[in-house]
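Biologist: Before I rely on the labels used for this model, I would like to see how each one is earned. Could we go through them one by one?

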Amino acid sequence: MTDEQLLQMANDIRERAYAPYSGFKVGAALLCADGTVFTGVNIESETYTPSICAERTAFFKAISEGYSDFVKIAVTCDKPFCSPCGVCRQVMVEHAPDLEILLGNPQGTFKRMSIKELLPESFSLND
Ligand code: THU
């Protein structure tokens with residue numbers, strides 16, 4: 001699975017986002033160590049609070065299917081880059097402390113980051 005293929009999966013699934021309130025559709029594709037990919041989209045709620053981001057949808061799908069070894073996540077939106085929110089970063093660092101993050105768009109450009117860069121000095125009960 002190349003970076004470009006993972007980004008393409010995020011771009012493809014983005015169409016399924018349910019974002020009638022923000023109008024901002026996000027897609028994610030989470031690569032597991034065995035090569036399995038779980039996709040996710042943001043799903044909003046009329047009452048706002050229950051809304052979930054694309055990244056956490058992908059993580060929660062994977063975790064609920066028994067996966068725990070994550071390598072990389074691609075996140076795409078209709079801006080040059082969509083930086084994951086703080087809540088998603090907290091979930092990422094707990095389940096994938098060495099996660100690579102590709103932030104991209106339908107035009108195909110992307111930047112590479114790591115969860116350690118996005119959430120340094122994170123809280124952990126193990127510290
Ligand atoms: N959103 C994501 O799905 N991922 C991000 O990284 C940032 C924001 C969603 C949440 C909400 O549905 C919409 O984008 C606007 O904030």
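Modeller: A residue is called buried when its relative accessible area is under 20%. This is a predicted model. In helix H1, residues 3-13, that label goes to Asp 3, Leu 6, Leu 7, Ala 10, Asn 11 and Ile 13.

Biologist: What covers the buried residues of H1?

Modeller: The cover includes strands E1 (26-32), E2 (37-41), E3 (70-77), E4 (100-104) and E5 (110-114).

Biologist: Why is E1 called largely enclosed?

Modeller: Seven of its seven residues are buried, so the rest of the structure largely encloses E1. Side chains in a regular strand alternate between the two faces of the sheet. In E1, Val 26, Ala 28, Leu 30 and Cys 32 are buried on one side, and Gly 27, Ala 29 and Leu 31 on the other.

Biologist: What makes E1 and E3 a pair?

Modeller: Pairing needs at least two bridges, and E1 and E3, which run antiparallel, have seven; therefore they count as paired. Ala 28 stands opposite Val 75 in E3. E1 also runs antiparallel to E2, with five bridges, and Leu 31 stands opposite Val 37 there.

Biologist: How do you know that Glu 44 makes a polar contact with the ligand?

Modeller: The cut-off for a pair of N or O atoms is 3.5 Å. A polar side-chain atom of Glu 44 lies 2.5 Å from a ligand oxygen, so the pair qualifies. A side-chain N or O atom of Glu 55 is also 2.5 Å from a ligand oxygen, and a backbone N or O atom of Ala 54 is 2.9 Å from one. The ligand alone exposes 370 Å², of which the protein buries 77%.

Terms used
Residues numbered from 1 in each chain as written. Predicted model: local features only at pLDDT ≥ 70, side-chain atom pairs only at ≥ 80, totals over all residues. Heavy atoms only, no water. Polar contact = N/O pair within 3.5 Å; in protein donor to acceptor, adjacent residues only side chain to side chain. Areas by Shrake-Rupley, 256 points an atom, 1.4 Å probe, with all protein chains shown as cover. Buried < 20%, exposed > 50% of the residue type's maximum accessible area, 1.4 Å probe, protein only. Helix = DSSP H or I, 4+ residues; strand = E, 2+ residues; numbered from the N terminus. Contact = heavy atoms within 4.5 Å.
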